[in-house]
Amino acid sequence: MQYKFSKSSLSLLKDCPRCFWLHFNKKIKHPSTIFPSLPSGMDAILKKHFDSYRERGELPPELQTLEKENIKLFTDKKQLTIWQNNFKGIQWKDGHGNLFMGAVDDLLTKDRKIIVMDFKTRGFPKKDDTAALYQDQLDIYNFLLRKNGFETEDYGYLIFYHPLEVAKTGDVIFHKDLVKMKVDVKNAEKIFKQAVEVLDGPIPKSSEECGHCKWAREASI
Ligand code: SF4
């Protein structure tokens, strides 16, 4: 059987292999929860904000520290629009026809190499271990770009935004943190391999973290 994996389905693999198995092999979706719309709204306006600087050939203020390293915004907007699209994104098929895809927020370049960048909106300041939660995502995007023949740097950036204060005008001010992360494409390769192995194997156990299965067991009295 050939599978189509997106970044979100692969994060389901990490959260609960059982739910991942049920999603692909039995078409049973994870119970839906209310998803805050603020992060996707922020992503949309941030993309426009970065585009306005791209058109002028400048770096936005939150990336000014990268200017001395000769880092620039990725200039091929047509290509970027495809890679930003959740239904297209960056795609790659393995030797068995399994399709892996991921949609980036934005990209930078240094000389000929691409640097992956992702926006993260949070309600509160990031903690010391927050950035590590997004390691797999950066690794996957870099892996996909390299499999498509593009050279990427061995690091990427996360930009965290969290609300700081309300100005006298009533505008909400967001604090920004730019975090540089090492990239490990071998980790992405491992995730893809594990995804196929889990789906080809028996149904895994439920995650201890998610309460839904436990609730369903206890509720079936
Ligand atoms: S515990 Fe159950 S509902 Fe929760 S993620 Fe796993 S399979 Fe899905």
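**Group meeting: helix contacts, strands and the ligand shell**

The axes of helix α1, residues 7-15, and helix α2 come within 5 Å of each other and cross at roughly 135°. That angle makes α1 oblique to α2. On the α1 side, the contact is made by Ser9, Leu12, Leu13 and Asp15. On the α2 side, the residues are Pro17, Cys19, Phe20 and His23. By class, the residues of this contact divide into five nonpolar, two polar and one charged. I should say at this point that the model is predicted.

I stay with α2, and turn to the ligand. Which residues surround the ligand? From the early part of the numbering we have Cys16, Arg18, Cys19, His30 and Pro31. The others are Ser206, Ser207, Cys210, His212 and Cys213. Cys19 therefore turns up twice in this talk: it belongs to the contact of α1 with α2, and it is part of the ligand's surroundings. Two helices, α2 (17-25) and α7 (212-219), each supply at least two residues of the shell. The shell residues divide into five nonpolar, four polar and one charged.

Now the strands. As a reminder, strands of a sheet pair through backbone hydrogen bonds, either parallel or antiparallel. There is an open sheet of three strands here, in the order β1-β4-β3, and its pairing is mixed. Which strands are at the edges? They are β1, residues 4-5, and β3, residues 90-93, each of which pairs on one side only. β1 pairs with β4, residues 99-102, in the parallel sense, over two bridges. In that pairing, Lys4 has Leu99 of β4 as its bridge partner. A helix also lies across this sheet: α5, residues 135-147, lies across β3 and β4 and runs at about 70° to β3.

Next come β2, β5 and β6. Strand β2, residues 71-73, pairs with β5, residues 106-110, in the antiparallel sense, over three bridges. Lys72 stands opposite Thr109 in β5. β5 also pairs with β6, residues 113-121, again antiparallel, over five bridges. Here the bridge partner of Leu108 is Ile115 in β6.

How many residues lie between β5 and β6 in their hairpin? Two, and Asp111 in the turn has a positive phi of about 55°.

To go back over the main points: α1 and α2 cross at roughly 135°, α2 and α7 each supply at least two residues of the ligand shell, and α5 lies across β3 and β4.

Note on methods
Residues are numbered from 1 along each chain as its sequence is written. This is a predicted model: local features need pLDDT of at least 70, side-chain atom pairs count only at pLDDT 80 or more; totals for chains, interfaces and linings use all residues. A residue is near a molecule or strand if its C-beta atom, placed from the backbone, lies within 6 Å of it. Helices (H or I, at least four residues) and strands (E, at least two) are DSSP runs, numbered from the N terminus. Ala, Val, Leu, Ile, Met, Phe, Trp, Tyr, Cys and Pro count as nonpolar, Asp, Glu, Lys and Arg as charged, and the others, Gly among them, as polar. Two strands pair if DSSP finds at least two bridges between them. Two residues are in contact if their C-beta atoms, placed from the backbone, lie within 7 Å. Axes are lines fitted to C-alpha atoms, for helices over the stretch in contact, and angles run from 0 to 180 degrees between N-to-C directions. Angles under 35 degrees count as roughly parallel, over 145 as roughly antiparallel, 65 to 115 as roughly perpendicular and the rest as oblique.
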